[in-house]
Amino acid sequence: RITGVERDCESGDVGEVVLEDGRRLAADLFVDCSGFRSLLLGDALAEPFDDWSRWIPNDRALAVPTARDPAAPLTPYTQGKAHDVGWQWRIPLQHRTGNGHVFSSAFSSDGEAEARLMAGPDTRPLDDPRLVRFATGRRRRAWVGNVVAVGLSAGFLEPLESTSLHFVQSALERLIALFPSRHMDAPLRDRFNALTQAEWEDVRDFIIAHYKLTEREDSEFWRYTSAMDVPDSLAAILAAWQARGVLAVSGGHLFQLGSWASLLIGQRCLPRGLHALADRADPAYAAEQIIAI
């Protein structure tokens, strides 16, 4: 357990971490895996946190395992169900079922959220619901000085698309590709931060779109998300799509063209006009090709 961080008086880099048992660990490069606490990047180096809660207002989750009915067939997929405030997951496993409810404390008390969660499972709970508080957003830079933050210490996006493990994996791949010398080469650090920012904002926009495009108007939560402003990057994506069915996304990040098309069409966000190239195709020929596939 880390109880202290010593910084170099000249460079400002982290020189040592002090452990609970008094040991001191020195290194040239530190990877911050301290979770939400962000002990090195957030606390020691005071890297600012960009809060995205105005676009993704959910800031709490309740989780509870329930018994699995051995007589019931094992459902081979995760279910997500929208609630008046936020949503609920159900993840079937061989020995139990994982259940959770993600919600916003601005629109619901913890007690109300627990009642919604416990009304869903049809088998007995194996434990009491566990509350997790979080802030949606990210540290402005994931690599500062000689510290690289990975996972929750770099930021967090609510688990609607289960992206946390992906962010860990992609950060490690970038770090390996851009691994520095003892000089902490600035061009490598800057490239790492630029790629990290782009990836996080791409995923952020995809999650925001789930809430922005909703047609629900039956609660204050959904009325807020459907009326809220969105980041300029998402506004540009929606404008290009709604004009002529053009998906103005790179296609190279986690959620590619098929994911965006499924989300937009599934939310009945349809283009007002046809893509110019699609407008040249004979509809009967196109229908034949689709049937053949």
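## Questions on a predicted model

Me: How many residues has the largest nonpolar core, and which have the most contacts inside it?
Reply: This is a predicted model. Its largest nonpolar core has 41 residues. Those with the most contacts inside it are L157, I208, Y211, L234, W260 and L264.

Me: Which elements give two or more residues to this core?
Reply: In soluble globular proteins, nonpolar side chains tend to be buried together. Here both strands and helices contribute. The strands are β6 (60–67), β8 (87–92) and β9 (96–103). The helices are α2 (110–118), α4, α5 (220–227), α6 (232–244) and α7.

Me: Which element gives the most to this core?
Reply: The element with the most gives seven residues. That element is α4.

Me: Which residues does I208 touch, leaving out those up to four places away in sequence?
Reply: I208 is one of the core residues with the most contacts inside the core. Helix α4 covers residues 186–212. Beyond four places in sequence, I208 touches W55, I56, M228, V230, P231 and L234.

Me: How many residues are in the second, separate core?
Reply: This core is separate from the one above. Among its members are V14, L40, L41 and A154. The count is eleven residues.

Me: Is β6 largely enclosed or largely open?
Reply: Buried means under 20% relative accessible area. Seven of the eight residues of β6 are buried. So β6 is largely enclosed by the rest of the structure.

Me: Over how many bridges does β6 pair with β9, and with β10?
Reply: Both pairings are antiparallel. With β9, A67 has R96 as its bridge partner. In β10 (residues 130–133), L131 stands opposite L62. The counts are eight bridges with β9 and four with β10.

Me: Is H101 buried or exposed?
Reply: H101 is found in strand β9. Its relative accessibility is 0%, and the cut-off for buried is under 20%. H101 therefore counts as buried.

Me: Which side chain makes a polar contact of 3.0 Å with that of H101?
Reply: H101 touches a long list of residues beyond four places in sequence, including H83, W87, W89, A113 and R116. One of these is joined to H101 by a side-chain polar contact of 3.0 Å. The partner is R116.

Me: What is the strand order in the open sheet of three strands?
Reply: The pairing is antiparallel. β5 (49–51) and β14 (155–156) stand at the edges, each with a single partner strand. So one side of each is left without a neighbour in the sheet. The order is β5-β11-β14.

Me: What is the bridge partner of R138 in β14?
Reply: Strand β11 covers residues 137–139. It pairs with β14 over two bridges. The partner of R138 is G155.

Me: At what angle does α4 run to β11?
Reply: Helix α4 lies across β11 and β14. Its angle to β11 is about 175°.

Me: Where is S153, and which backbone oxygen lies 2.5 Å from a polar atom of its side chain?
Reply: S153 is in the loop between β13 (147–149) and β14. At 1% relative accessibility, S153 counts as buried. Beyond four places in sequence, S153 touches D32, C33, S34, G35, S38, L41 and R139. The oxygen at 2.5 Å belongs to D32.

Me: What is the phi of S38, and what is that of R268?
Reply: S38 lies in the loop between β4 (30–32) and α1 (39–44), and is buried at 1%. R268 is in the loop between α7 (257–266) and α8 (283–292), and is exposed at 59%. Neither residue is a glycine. Phi is about 45° for S38 and about 60° for R268.

Me: How many disulfides are counted?
Reply: A disulfide needs two cysteine sulfur atoms within 2.5 Å. C33 counts as exposed at 57%, whereas C269 counts as buried at 8%. The number of disulfides is zero.

Me: How many helices and strands has the chain?
Reply: The chain has 293 residues, and buried ones make up 40%. Its C-alpha trace spans about 70 × 55 × 35 Å along the principal axes. The secondary structure comes to eight helices and 14 strands.

Definitions and conventions
Residues numbered from 1 in each chain as written. Predicted model: local features only at pLDDT ≥ 70, side-chain atom pairs only at ≥ 80, totals over all residues. Heavy atoms only, no water. Pairing = 2+ DSSP bridges. Contact = heavy atoms within 4.5 Å. Axes fitted to C-alpha atoms, helices over the stretch in contact; angles between N-to-C directions. Buried < 20%, exposed > 50% of the residue type's maximum accessible area, 1.4 Å probe, protein only. Polar contact = N/O pair within 3.5 Å; in protein donor to acceptor, adjacent residues only side chain to side chain. Core = buried A, V, L, I, M, F, W, Y, C linked by side-chain atoms within 4.5 Å.
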